[in-house]
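Welcome! The exercises below walk through the spaces in a protein model and the ligand it holds. Have a look at the structure, then try each task before reading its solution.

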Amino acid sequence: MFNRVAFVTGASRGIGRAIGLTLCRSGFYIVVASPEIEKNEEVAEEIRASSGEAMTLNFDVTSAESVKAGIAKVVAEKTRIDVLVNNAGIARDALAMRMKQADWDLVLQLNLTGAFLCCQQVLPLMMRNRWGRIVNISSVVGQAGSAGQANYAASKAGLIGMTKSIAQEMATRGITVNAIAPGYIETDMTRKLPEEVRAKYLASVPMGRIGQPEDIAAAVKFLASEDAGYITGQVLAVNGGMYM
Ligand code: NDP
């Protein structure tokens, strides 16, 4: 029990929290890796309360030093990382004409470069074990585009290209690399959108309901499992039919 380690970035709340809670029930030891240690501890406590095991990391994907040091700490304590879920993400929306370069840079740095840095650090560990699962949390916006989100859409489309490239590099090594493209999911990220935007998103979901973080976590659980061993380089849309 708990000999496989799952490293989840942005696990302090929302989709990342649900992924941690779901994977712990599949027997994974969970690394809760986000910038705020107190929030991470709350999630780790929830994991322990559901008979799971977890450690927390004060972890910032925008800092190469933080990524290196955090992953080194996990290796020092647990010797391995079997599953990496690149879930940390932010949005800084504006029409392209008005978008500040700082917001373009930050979103690309955090959502895309951050995921790349994490992949770079865990791949040698996975190669050593000849087993690994990387799941990158992209977005329907990376597939379909979205007015007012050029930076976010570029970062999420970039994750898809990165997923397919690393999947090819790792295909003979027992390591699968896949992306999940969530649709409209109920978290802090979408709760703060104006009511009319939320209504517009909901109207575009054929299933007629907003997705829950657990809907995404269930897909991660599958892609992280032995059963998904012949699936790599794929983008799994979990969006209630929002984009087909
Ligand atoms: P939330 O805003 O609820 O949570 C974001 C998480 O990312 C938090 O844990 C946050 O930590 C963490 N985070 C922020 N900055 C950093 C950083 N520099 N380093 C590490 N972690 C960081 O987002 P969601 O749960 O909604 O989204 C999770 C992922 O799913 C994101 O990649 C998002 O783009 C994607 N997604 C979400 C959709 C939705 O409808 N909600 C739809 C499609 C994709 P802290 O708590 O400390 O701020």
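On a 1 Å grid over the protein atoms alone, a cavity is a set of points where a 1.4 Å probe fits but cannot get out, while a pocket is an open set with protein on both sides within 12 Å along at least five of seven lines; lining residues have an atom within 4 Å of a point. Grid points are joined across faces, edges and corners, and a volume is the space filled by probe spheres set on the points.

This is a predicted model, where local features need pLDDT of at least 70 and side-chain atom pairs count only at pLDDT 80 or more, while totals for chains, interfaces and linings use all residues. Residues are numbered from 1 along each chain as its sequence is written, and side-chain values use heavy atoms, with hydrogens and water left out.

**Exercise 1. Describe the largest pocket and its lining.**

Step 1: start with the volume. The largest pocket holds about 1,200 Å³ of space.

Step 2: look towards the centre. Among the 49 lining residues, Gly89, Ile90, Ala91, Tyr152 and Met189 are the closest to the centre of this pocket.

Step 3: find the elements. Two or more lining residues come from each of H1, strand S2 (29-34), H4, helix H5 (140-144), H6 and H7. Helices (H or I, at least four residues) and strands (E, at least two) are DSSP runs, numbered from the N terminus.

Step 4: sort by class. The lining has 24 nonpolar, 16 polar and nine charged residues. Here Ala, Val, Leu, Ile, Met, Phe, Trp, Tyr, Cys and Pro count as nonpolar, Asp, Glu, Lys and Arg as charged, and the others, Gly among them, as polar.

**Exercise 2. Where does the ligand sit, and which residues come nearest?**

Step 1: place the ligand. The ligand sits in the largest pocket, meaning that more than half of its atoms lie within 2 Å of the pocket's grid points.

Step 2: list its neighbours. Ser12, Arg13, Lys39, Tyr152 and Thr187 come nearest of the 31 residues around the ligand; a residue is near if one of its heavy atoms lies within 4 Å.

Step 3: trace the shell to its elements. H7 (188-191) gives the largest share, three residues.

Step 4: check polar contacts (pairs of N or O atoms within 3.5 Å). An N or O atom in the side chain of Thr187 is 2.5 Å from a ligand oxygen atom. For the side chain of Lys156, the distance from such an atom to an oxygen atom of the ligand is 2.8 Å. Val61 uses a backbone N or O atom, 3.0 Å from a nitrogen atom of the ligand.

Step 5: see how much is covered. Of the 900 Å² of accessible area that the ligand has on its own, the protein covers 94%, by the Shrake-Rupley method with a 1.4 Å probe.

**Exercise 3. How many cavities of 30 Å³ or more are there, and what lines the largest cavity?**

Step 1: count. There is one cavity of 30 Å³ or more, and the largest cavity has a volume of about 50 Å³.

Step 2: read the lining. Its residues include Thr9, Val61, Asn86, Leu110 and Lys156.

Step 3: assign elements. H4 provides the largest share of this lining, four residues.

Technical notes: A polar contact is a pair of N or O atoms within 3.5 Å; within protein, one must be able to donate a hydrogen and the other to accept it, and residues adjacent in sequence count only if both atoms are side-chain atoms.
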